[in-house]
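User: Could you take a close look at one part of this protein for me? I'd enjoy a connected walk through a single loop and then whatever else helps to place it.

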Amino acid sequence: MSRSRRLVHAVVGGVVALSCAVLTAPAQAAPEADEPVGTVRLVTEKRVTVDYPWAGASGFQYRPGTTSVTTVDYPDAVPPAHAGPDDLASGTDVVNTRDGQTVTQRHRSTGVTSTVTIPSGHAYRAAAGWSVLTMDGTGALHVLRTVEGTLTVDTPVTGFPAGARPVLYRTGGSVSRLAIVYVLDGKTSVGLVDLADGAFRTYVTSDEATPQLAFNDRWLVADWKAIRVDAEPGTEPTAVTRTDAQPEAVVGDQLLLGNPAFVLGGTEAALTARSLVSGASSTVLTSSFGGIGPTLDGGALATAGPSSLDWNIHRLTLTDSGGLTTTKVARVPAAATGVQGLAVAGGELFLYGATPGGSLRYSGFQLDADGRPAGAQTPRSPALSASICLTGDAACPQLEALGDGRVGYLWTNSAGQESVLNVGLDTSTILSEPTDGESGGRLAGGTGRYVVHNGASGKQRLVDFPRAATGGETILTRDRTAAAVWGQTLWTPGGTQGSVTGRNLKTGTTTTLATGAPCTPTDIQAVNTWLYWSCGRTAGVYDRATNRKITVPADHGPARLADGFLLRENRTTHELLLTDFHTGTATTRTLVKLPATDQNTGGSNGRWAADRFGGHIAYLNGTYGEVSIVASGVPTSPLAQMEAQVYSPSVIGRSTPWSPVWQLNKPSTWTLTLTKASGTVVRTLTGASTGAAVRPAWDGTTDTGAGAGSGPFTWRLTAHPRDGRGPDLTLSGTMTPG
C-alpha cells in the first residue's frame, strides 16, 4: 500500500490572525446556488516582520513581508500651524516620492506640495522631511530644498572629512538631521548632517564595520556609545552597556532596544527602554520584534502581540514627564494558509492546517445562530506534527467534530500504525487511544465522548473519551459493519433484513427498528430521531419520533446525514446537493457548486462538512485558505439531551470543582441552580454551551462566596436553544459530595 506524507500528531504547544468575514458568494458558485452567509480565511499564526517605508506625524506606511504597502492615518493627528520647505519642523508629515531626477514632496495633513529637481550630475542619497541629500560627481554632498514650491536651492554640506567614503545614509527620529556612516583611513565613523545649514559633524568612531545606530534631535547612539547632539565639540561619547538586543530608536531621552539575536526557549522577545540620562530600564512592549523603528516626529513604531492572530503596530510617544506611552494603531493581517481538513459542529467551524508555522493545528471559528462568523480564529489544539495519509486521500486526517467542543481524528505514525486522537478543550491536551496496530482505517463517526473506528483488518472499535479523561479507552471491539453513534446509543444492522439495532452504551439495553430497507444496510448514520440507511443503490431515512419511512436519493455519494436533511456531492458536476426530508417528503436542490479542483476521494471533510448539531454547511470555495458557510434552511429539532456525565464528587473545591457534562443536540445558553435539601438556592451558574455541550464548573461556594457546606444538593439545568427554535429544556437531579 503506497502512502504519502501529509497531516498530524502532537509535538509541542504552539504560539498565536484575524479571520476575514465577508458576505459575498465565491466566484465559482452557480447562479442557482445559495449565497454564503459568511466566509472565513484560515491564517498562519506566524508573526510577520514589517518595515516602514514612511512614518511621520499624521500616520505611516507599513509593508508586511513582501506584500504591498498599507497606509494608516492616526485618528488624532493635528497638522502643524505652518507647512512649507522653509519650516523644517513641519517636515515631520512630508512624504518624499522620487521619480528619476525629481522628488515630489507632499505634506499629508495640509496637502502642501513642492518639487525638488536633482541637478544633472547629482545622485540621490536620502530624504527627510523637506530636505533631499545628494552627491555630485566629485563626491561632495548637497542638501536640496525648494522655495516657492518649485525652485530648488542647493546647500553644500560642509565639514564632511576629505577622502571619506560614505557607506550608509540613515534617517531617524528627526527631520533636521540625517546620519551618515563613512569610512576613512580604514576606520568607520558616524556623524550627522544638519539639514538646515548643511553642517556635518562626526560624533562616534566605531570599532564595527557597520555600527548599529539610532538618533533623534537630542541623542545619537552608535556602536553602543551615546552622545548629546548639542554637546560641545570634542566631547567624547559615553559607553552604553551592550545587550543582545539592538538599538532601534531614540524617543526623548529613552533608547529603545529590541530584536535580540537570541531568545531563550519558552520566552518572548520584548521591547525595552533605557534612559540615556539615568540608565534606568523598563519594558515597553512584551512579545515584540520585527517592525520596530523611529518616526520622523521623534516617536517610534513597534509590532507586538502573542501571535499573528493578534499582531499589532503600536505608536510610542513621550509623556509630559518624559516617559513613554504606547497606543495600538494598526492590526497587521496574517497570511492565508491552506485548509487541509474541515468540520463543523455545535456552531463552531474547525479548520485544520499549518497555522503555527511548520506544525499544524485545529483552529476554530465561532458561528452565530444564522451561521455567520462571530469571532476571530482561535487555536483549538496544540501544535501537531504530520501524519501519514493514503495516497490521493484529500480527506486526511479523517476527523469528526463531536459536538462537545472537541474533534476526534485518525492519526498514523511513521510505521503506519493508527491511533484515534481527541483534541479541542484546550491548546495543550491530546487524548489518544491506539488501535492495536491497525492501518488504513477510517472513522465511521462519533458524537460527544464516543468515536467509531473501522479498521482495515475488519475490526470495529468504539473509543470512549469521557469527562476528565487522560486518554481514550476502547470499550467495544466487534466485527466491522455499518455503524453510527449518537449520544449514548450505538446503531448497527439488526438480525433481520432492514432492521437496525440500537445499543445503549451505558445500560446495555437494545432496541430494534424495522427501517424498511430492502437489505442489510451498508451505511448507517444517526442524528436526533433520524436514522439514515443505505444499500448502495437505495437509501432511506427512518424517523424514530413518528415511525415514518422516507425514501431519499442514492444516486450520488458519499452522503452525510444532518438534522432533517442529507448532504451529498455529485463529483461529476461538482454540485453539493441538499435533500430536505424533515416534512416526511424528500426534496433535493443544489446548495452550491464546488470548485472543480481538489477533488475529494476519502470523505466529506476534504472539501465540505455539515453541522449535525445546528444545520449549517461549510465548504472550500476555491480561494486559498477560504471556507464559506451557508445555512441549510431546514428547521432544527427541539433541544434534547443526548448523553450526560453527572456524578457525585468526593470533594468540591476551587481546584477540584464539580464539572458535569450534559451533551445536548444543539447549542444553548443555560442556567444551573444548586439547592440544599431545605430548599435554599445556594448557587446559580449561567453560561453558553461549548459546542452543544453544557460544561459548568462549581467550586462549592455560594453566590456570596461562602462555602455551601455538605450535600445533598439538588441541581436544575435549564437550557435555552440558541437558535430560538423549540422550547427550553429542563433537567434535574441530585448530587451528594463524598
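Analyst: Happy to. In this predicted model, Pro211 sits in the loop that links strand S16 (200-206) with strand S17 (213-215). Is Pro211 buried or exposed? Its relative accessibility is 5%, and because the cut-off for buried is under 20%, Pro211 counts as buried. The contacts of Pro211 beyond four places in sequence are Val181, Thr188, Val190, Ser206 and Asp223. Asp223 deserves a second glance: it is 12 residues from Pro211 along the chain, yet the two C-alpha atoms are separated by 5.0 Å.

Now for the wider setting. The domain assignment places domain 1 at 84-156, domain 2 at 157-235, domain 3 at 339-631 and domain 4 at 641-735. Between the C-alpha centres of domain 2 and domain 4 there are 69 Å.

Further along the chain is an open sheet of 4 strands, paired antiparallel in the order S21-S22-S23-S24. Strand S21 (246-251) and strand S24 (281-285) are its edges; each has a single partner strand, so one side of each is left without a neighbour in the sheet. On average, neighbouring strands here are turned by 30 degrees against each other, direction ignored. Strand S23 (residues 271-275) runs antiparallel to S24 and is joined to it by 4 bridges, with Leu271 opposite Leu285 in S24.

A word on confidence: the protein chain has an average pLDDT of 90, and 94% of the residues score at least 70. Residues 1-31, however, have a pLDDT below 50, although the model gives this stretch 116 contacts beyond near neighbours in sequence.

Technical notes: Residues are numbered from 1 along each chain as its sequence is written. This is a predicted model: local features need pLDDT of at least 70, side-chain atom pairs count only at pLDDT 80 or more; totals for chains, interfaces and linings use all residues. Side-chain values use heavy atoms; hydrogens and water are left out. pLDDT is the predictor's confidence in each residue, from 0 to 100. Contact means heavy atoms within 4.5 Å. Domain bounds come from an automatic or database domain assignment. Helices (H or I, at least four residues) and strands (E, at least two) are DSSP runs, numbered from the N terminus. Buried means under 20% relative accessible area, exposed over 50%, partly exposed in between (1.4 Å probe, protein chains only). Two strands pair if DSSP finds at least two bridges between them. Axes are lines fitted to C-alpha atoms, for helices over the stretch in contact, and angles run from 0 to 180 degrees between N-to-C directions.
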